[in-house]
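Subject: Structure handover

Hi,

Here is the structure I promised to pass on. Please open it alongside this note; my findings follow below.

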Amino acid sequence: MATLQLFESTDDAHCESIGPRAFVLRGFALPHADALVAAIADIEARAAFRNMVTPGGFMMSVALTNCGEFGWTTDRRGYRYTREDPETGKPWPVMPDVFSTLASRAASATGFIGFNPDACLVNRYLPGSRLSLHQDRNERDFDAPIVSVSLGMSATFLFGGHTRSDRTAKIPLHHGDVVVWGGVDRLRFHGVMPLKDEPHSVLGSQRINFTFRKAG
Ligand code: MD3
Ligand code: FE
């Protein structure tokens, strides 16, 4: 794991490097938190959070929905991106401007110029929800970074290597933190430890994470 480095960012956030091309921008989303929470309510009203089943037959403890041109889904047949919500047959909700602008600014602040996501996966964690170690490899373009925004309860993020058995670093993520992963760090194994119930003042006993991707 790279030693902690501090960078200057155009947006005056603390920027920690957690890998050669992976960065945590502490509090980067805080100025937009209220707008983001309001936008999630709109998305959720059109495309409800649901617990999906993996190809292996396990129900995910994390509930998810999507916005943008493409949405990530899983069922017994596999993982994939679709243009429509399989629950309703309707297109996924449009990605709000406050989402895409934030994602693009976070990417620029860490050296990924011109990031224009076409998919946003929204994850909702309740106490006990976890995400086991995996790679994100359903996107067509691995050159584009992934940008993630954390809201609500804190979580411990696990950041591994290129092999499942590589040791993992534990990185705490708090309300308002933004993480950017690209280049050599794009396909690293990662996961989230089971969430502790330490209610957040705005979101209560939940954590919302959204990840912006170039999927199509
Ligand atoms: C590291 N979500 O949705 S954030 C996921 O907190 C996912 O909900 C976690 O892993 C969460 O797939 C982690 C971000 C994340 C996304 C993609 C990555 C971290 C990554 C790709 C490579 C390395
Ligand atoms: Fe992931």
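Strand E14 gives the largest share of the shell around ligand 1, with four residues. One caveat before the rest: this is a predicted model.

**The ligand site**

In total, 20 residues surround ligand 1. The closest are Asn 123, Tyr 125, Arg 186, His 190 and Arg 207. By type, the shell splits into eight nonpolar, six polar and six charged residues.

Where does ligand 1 sit? Its place is the largest pocket. Six strands each give two or more residues to the shell: E7 (119–125), E8 (131–134), E9 (146–152), E10 (155–159), E13 (190–192) and E14 (207–213).

Look next at the polar pairs. The side chain of His 190 places an N or O atom 3.0 Å from an oxygen atom of ligand 1. For Asp 136, a polar side-chain atom is 3.1 Å from an oxygen atom of the ligand. Asn 209 also has a polar side-chain atom 3.1 Å from a ligand oxygen. On its own, ligand 1 has 500 Å² of accessible area, and the protein covers 98% of that.

**Arg 186**

Arg 186 is among the residues closest to ligand 1. It belongs to the loop between E12 and E13. Is Arg 186 buried or exposed? Its relative accessible area is 5%, so Arg 186 is buried. A polar atom of the Arg 186 side chain also lies 3.5 Å from the backbone oxygen of Ala 144.

**Val 147**

Val 147 is part of strand E9, one of the strands that give two or more residues to the ligand shell. Its relative accessible area is 0%, so Val 147 is buried too. Gly 128 is 19 residues away from Val 147 in sequence. Their C-alpha atoms are 24 Å apart.

**Two loop positions**

Ser 205 is in the loop between E13 and E14. Why does Ser 205 count as partly exposed? Because its relative accessibility is 30%, and the partly exposed class runs between 20% and 50%. Ser 205 and Val 180 are 25 residues apart along the chain, with 25 Å between their C-alpha atoms.

His 174 is in another loop, the one between strand E11 (169–173) and strand E12 (178–181). At a relative accessible area of 36%, His 174 is partly exposed. For a long-range check, take His 174 and Gly 56. They are 118 residues apart along the chain, and their C-alpha atoms are separated by 31 Å.

**Helix H2**

Thr 101 lies in helix H2, which covers residues 97–109. Its relative accessibility is 44%, so Thr 101 counts as partly exposed. What does the side chain of Thr 101 reach? It reaches the backbone oxygen of Asp 97, at 2.8 Å. Thr 101 and Asn 116 are 15 residues apart in sequence. From C-alpha to C-alpha, that pair is 8.9 Å apart.

**Where to look**

For the ligand, begin with His 190, Asp 136 and Asn 209, whose side chains have polar atoms at 3.0 Å, 3.1 Å and 3.1 Å from ligand oxygens. Then turn to Arg 186, in the loop between E12 and E13.

Best wishes

Definitions and conventions: Residues numbered from 1 in each chain as written. Chains lettered and ligands numbered in written order. Predicted model: local features only at pLDDT ≥ 70, side-chain atom pairs only at ≥ 80, totals over all residues. Heavy atoms only, no water. Near = heavy atom within 4 Å. Polar contact = N/O pair within 3.5 Å; in protein donor to acceptor, adjacent residues only side chain to side chain. Areas by Shrake-Rupley, 256 points an atom, 1.4 Å probe, with all protein chains shown as cover. 1 Å grid on protein atoms, 1.4 Å probe; cavity = no way out; pocket = protein on both sides within 12 Å on 5 of 7 lines; lining within 4 Å. Sits in = over half its atoms within 2 Å of the grid points. Nonpolar A, V, L, I, M, F, W, Y, C, P; charged D, E, K, R; others polar. Buried < 20%, exposed > 50% of the residue type's maximum accessible area, 1.4 Å probe, protein only.
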